Amino acid sequence: MIELDGNEATVTVKVSGAAETFMDGPFPHAQHIHIGAQGVCPPAQADTDGDGAISVPEGHPFYGDIGTSLTTEGDTSADSALAVERFPGGSAYNYERTFELNDATAASLADGTAVVVVHGVDPTKLSAEAQEKPSELDPALPLAATLPAACGTVSVSQMGQMPEGGADTGSPVQQSDTSGIFLGVGALAVAALGGGAWAVSRRSSRA
Ligand SMILES: [Cu+2]
């Protein structure tokens with residue numbers, strides 16, 4: 001849920017069923033508002049290398065660049081894209097933060113191209129091929145560490161209510177004014193898994 005008051009955003013993310021541990025610690029889940037592309041989550045065909053996972057480069061034509069890093073503290077720009085020590089972690093968490101949105105993210109929310117992506121997948125859920133790959137974002141990390149795990153498009157909802165309906169495949173946002181409204185992240189859905197998928201449930205994304 002993204003509540004906007006001008007450029008001040010209060011973002012709430014409720015996650016369950018996510019990857020739990022990474023190197024004996026809570027699995028860090030980088031989470032971003034991606035902007036400036038088609039404003040949709042990638043379809044299965046986006047897996048162009050056929051390894052069973054939709055990597056960040058494969059998803060990029062659909063959800064675009066990182067506009068905002070949903071960190072727990074400090075900087076929220078794309079510079080903090082992989083600031084793993086400032087992201088929530090573990091299999092389930094509730095995130096809430098109020099901060100000033102940058103203009104590019106605010107513009108993307110306004111034109112309906114903002115997409116929320118949560119990263120970090122349990123490597124045992126991946127194909128053998130994908131398990132062997134390094135992250136294309138940081139070669140020191142395995143692919144699973146930065147692989148998108150859940151993706152949700154953003155649509156305008158009534159004040160304080162989440163939108164109803166099925167899985168959102170990127171329908172246009174009807175919106176004329178971004179001040180004082182709630183933007184609901186619709187249908188966070190598994191976007192990257194080859195099997196044994198976990199999902200961020202829609203119900204748990206409700207306020
Ligand atoms: Cu991202």
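**Strand pairing, copper site and overall fold**

Strand 1 and strand 2, the latter spanning residues 8-15, pair in the antiparallel sense over four bridges. This pairing is described here from a predicted model. The two strands form a hairpin with two residues between them, and in this hairpin Gly6 takes a positive phi near 65°. Asp5 of strand 1 stands opposite Glu8 in strand 2.

Strand 1 covers residues 2-5, and its side chains alternate between two faces. Ile2 and Leu4 point to one face and are buried. Glu3 and Asp5 point to the other face and are not buried. Asp5 thus has two roles in this description: its side chain belongs to the face that is not buried, and the residue stands opposite Glu8.

The model also contains a copper ion, whose protein donors are three histidines. These are His32, through ND1, and His34 and His119, each through NE2, lying 2.0 Å from the ion. In sequence the donor residues are spaced H-x1-H-x84-H; one residue therefore separates His32 from His34, while 84 residues lie between His34 and His119. Solvent accessibility was computed for two of these donors. His32 has a relative accessibility of 1% and so counts as buried, the cut-off being under 20%. His34 likewise has a relative accessible area of 1% and is buried.

A search of the whole structure finds one aromatic pair. The pair consists of Phe22 and Phe27, with ring centres 5.3 Å apart and ring planes at 55°, so the arrangement is tilted. The class follows because planes under 30 degrees apart count as stacked and those over 60 as edge-to-face, with the rest counted as tilted. Both Phe22 and Phe27 are buried.

At the level of the chain, the secondary structure comes to four helices and 10 strands. Read along the sequence, these elements follow the pattern β-β-β-β-β-α-β-β-α-β-α-α-β-β. The hairpin of strand 1 and strand 2 corresponds to the opening β-β of this pattern.

The chain has 207 residues, of which buried residues make up 51%. Among the contacts in the chain with a separation of 6 or more, 72% are accounted for by residues 24 or more positions apart. The accessible surface of the chain comes to about 9,200 Å², and carbon and sulfur atoms hold 50% of this surface.

Conventions
Residues numbered from 1 in each chain as written. Predicted model: local features only at pLDDT ≥ 70, side-chain atom pairs only at ≥ 80, totals over all residues. Heavy atoms only, no water. Donors = N, O, S within 2.8 Å, 3.2 Å for Na, K, Ca; no water. Buried < 20%, exposed > 50% of the residue type's maximum accessible area, 1.4 Å probe, protein only. Phe/Tyr/Trp six-rings, centres within 6.5 Å; stacked < 30°, edge-to-face > 60°. Pairing = 2+ DSSP bridges. Contact = heavy atoms within 4.5 Å. Areas by Shrake-Rupley, 256 points an atom, 1.4 Å probe, with all protein chains shown as cover.
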